[in-house]
Amino acid sequence: MATDSEMDGRKVVSMSGGLLRFASLCPRLAFHKARLPRGDVKVAPAGGHVVNGNLFHGQIVNRILEDLADVEGAGIRPPNPELKRVVEASWSDPNDLHTELWRIFAQTYMSPALQEFASNLGNNPQEQIEAMSQGIGELARMCAELIIGARELPARTRLFLPPEGVVKESVEINGLQIQITGNYDGLWFDPVAEEFILFDFKCKTSAEFPSDLHQLACYAWLLQRRTGRPVRGVLVYVQPEPEIRHLPSKDLEATFPKSEEFVRYVAELMVTEYEPGMEIRQTSIPILCQRCPLDERCDELYGKRTSHIS
């Protein structure tokens, strides 16, 4: 959600990552939810869910990322001995390291979580298990490539930052002070390319990729502002046949002016009072309107939609 206040005579807007995500799906829905609350406005995900996201993120991936950070002393707990041994061993072939990490991720993290929370797998357990297995396989692949690459450097640099980190930044755009707080799944550092790797696991299809990219690009923009380092992105769509979207740092950086403009637009929208028929941007995801609770009233409330959504 967004809140606004005054500071030194300037309007201050506080925005969450969830609001940015909602607005990237559809600014009209974000405005409706934030300024005209009428119950819980929800939209079924375009393309549908396969994997239980709370189980996959909270009980599997988050714990893997925590233990990877602990291996390098970034956490407060002692590291997992087996994981530490594998990460610190001498490897020449990333495929061998990938296979070993995948085995550990599956046996140590995924299998116990699936046994403990078997009731959360719904009516498609086999499909979910396959998708989760492939998801942690992609995580193991990224991890192996990063470790092998860093071995070539004379001095070891911390690679794995703690998961579920917070992006918090205050920016001033056109006299409007905007405070943004969001959470990312994972952040690693590639000492070879001297850039951060920002990644996000999506437990759905890539049908909403434009909005997923928009949110990730905003976080990359804020991280680069804060650190001065380039940021590349990885979106992993967790499905039985996962889809990986690699977003090079130069490509993400090219979107930063759009990210700044989008943040300003959303912030200004959140401090705007509603007037009947006011014009608000429509979604860029055509099939979203089919699942939207505002569909029948959208044109009346926020202006007539164009037949072609770009």
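Reader: What makes strand β6 mostly covered?

Author: In this predicted model, 8 of the 8 residues of strand β6 (residues 195-202) are buried, and buried here means under 20% relative accessible area, so the strand is described as mostly covered.

Reader: How do you know that β5 and β6 pair, and in which sense?

Author: Pairing requires at least two bridges between two strands, and β5 (residues 186-190) and β6 have 5 bridges in the antiparallel sense, so they count as paired. Within this arrangement Phe189 stands opposite Phe196 in β6, and the two strands form a hairpin with 4 residues between them, where Glu194 in the turn has a positive phi of about 55 degrees.

Reader: In which sense does β6 pair with strand β7, and over how many bridges?

Author: β6 and β7 (residues 231-237) pair in the parallel sense over 7 bridges, with Phe199 opposite Val234 in β7. Between these two strands the chain crosses through helix α7 (residues 209-227), and this β-α-β crossover is right-handed.

Reader: Why are α1 and α2 called oblique to each other?

Author: The axes of α1 (residues 17-25) and α2 (residues 27-35) come within 5 Å and cross at roughly 135 degrees; angles over 145 count as roughly antiparallel and 65 to 115 as roughly perpendicular, and the value of roughly 135 degrees falls in neither range, so the helices are oblique.

Reader: Which residues make that contact, and how do they divide?

Author: Leu19, Phe22 and Ala23 of α1 meet Pro27, Leu29, Ala30 and Lys33 of α2, and these residues divide into 6 nonpolar, no polar and 1 charged.

Definitions and conventions. Residues are numbered from 1 along each chain as its sequence is written. This is a predicted model: local features need pLDDT of at least 70, side-chain atom pairs count only at pLDDT 80 or more; totals for chains, interfaces and linings use all residues. Side-chain values use heavy atoms; hydrogens and water are left out. Buried means under 20% relative accessible area, exposed over 50%, partly exposed in between (1.4 Å probe, protein chains only). A crossover is right-handed if, with the strands pointing away from the viewer, the path from the first strand over the helix to the second runs clockwise. Axes are lines fitted to C-alpha atoms, for helices over the stretch in contact, and angles run from 0 to 180 degrees between N-to-C directions. Contact means heavy atoms within 4.5 Å. Ala, Val, Leu, Ile, Met, Phe, Trp, Tyr, Cys and Pro count as nonpolar, Asp, Glu, Lys and Arg as charged, and the others, Gly among them, as polar.
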